[in-house]
Amino acid sequence: DNVIYLTDTDTFSTSDAADVFAGGYLHITDAGGEGYRYRIKSNDVGTAAGLMKLELYDNLGAAIASEASCSITGDRFKNLAINNNGTDDSAVGVAMTTFAAAEYGWLQTAGVGTILADESVGTVAAGTQAVVSDGVDGAAEPLNIAASNSQDDVAILNFAEQHVGHFLTAAVDTEYVAILLNISH
């Protein structure tokens, strides 16, 4: 079978768009069928909140238990939005030019680029590691690591923001900075 129905009243609503997850992946994370990943061909929201129909490109490789847990990762380059500070967004690239919602545009994922600098958590210096800003939408900030007192502290470091590259020049807060991008794609 390549059509399944998911129910989760905390996640899906009747206002979710059809095919919002098309091109993405369904990951079975627990119970029957766990460990399998399937590419999503299309999705449709059911008539009731909490119901979503998924059509997969391939048939199921294993039976999925009715109470199985899963996660969905949408197509990384569909339905994009600016990286919002304070959220768990996943950066996919830096816009090469300004474009509006629903427009087609190019994103840079690697190489020398330019990005807004957020210096509120530390000094943006040439050669320092750059991560997604947790304070300014669409910006990068320096990787901020607290001092450790011993090697035992290293294991508890929490790198909460996604790494996007390293700064090629120094920058002042709210200005743009040269960056060597290295965003996986």
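I will walk through one sheet, two nonpolar cores and the largest pocket of this structure.

Before that, a word on the source: this is a predicted model, in which local features need pLDDT of at least 70 and side-chain atom pairs count only at pLDDT 80 or more, while totals for chains, interfaces and linings use all residues. Residues are numbered from 1 along each chain as its sequence is written, and side-chain values use heavy atoms, with hydrogens and water left out.

Let me start with the sheet. It is an open sheet of 5 strands in the order E1-E4-E3-E2-E5, with antiparallel pairing; strands here are DSSP runs of at least two residues, numbered from the N terminus, and two of them pair if DSSP finds at least two bridges between them. At the edges stand E1 (3-7) and E5 (69-73), each of which pairs on one side only.

Strand E4, residues 51-56, is joined to E3, residues 37-45, by 5 bridges, and 5 bridges also join E1 to E4. On the E3 side, asparagine 43 stands opposite leucine 54 and aspartate 44 opposite lysine 53, whereas leucine 6 stands opposite methionine 52.

Which side chains of E4 are buried? Met52, Leu54 and Leu56 point to one face and are buried, while Leu51, Lys53 and Glu55 point to the other and are not; buried means under 20% relative accessible area, with a 1.4 Å probe and protein chains only. In a regular strand the side chains alternate between the two faces of the sheet.

Turning to the cores, by which I mean sets of buried Ala, Val, Leu, Ile, Met, Phe, Trp, Tyr and Cys residues joined through side-chain atoms within 4.5 Å, the largest has 15 residues, of which Val164 and Val177 touch the most other members. Strands E8 (110-117), E9 (129-132), E11 (163-167) and E12 (176-182) each supply at least two residues of this core, and the largest share, 3 residues, comes from E12. A second, separate core of 11 residues includes Met52 and Leu54, together with Tyr38 and Ile40.

Valine 177, leaving aside neighbours within four places in sequence, is in contact (heavy atoms within 4.5 Å) with residues including Ile115, Ala117, Val124 and Phe167.

How values were computed:
Buried < 20%, exposed > 50% of the residue type's maximum accessible area, 1.4 Å probe, protein only. Helix = DSSP H or I, 4+ residues; strand = E, 2+ residues; numbered from the N terminus.
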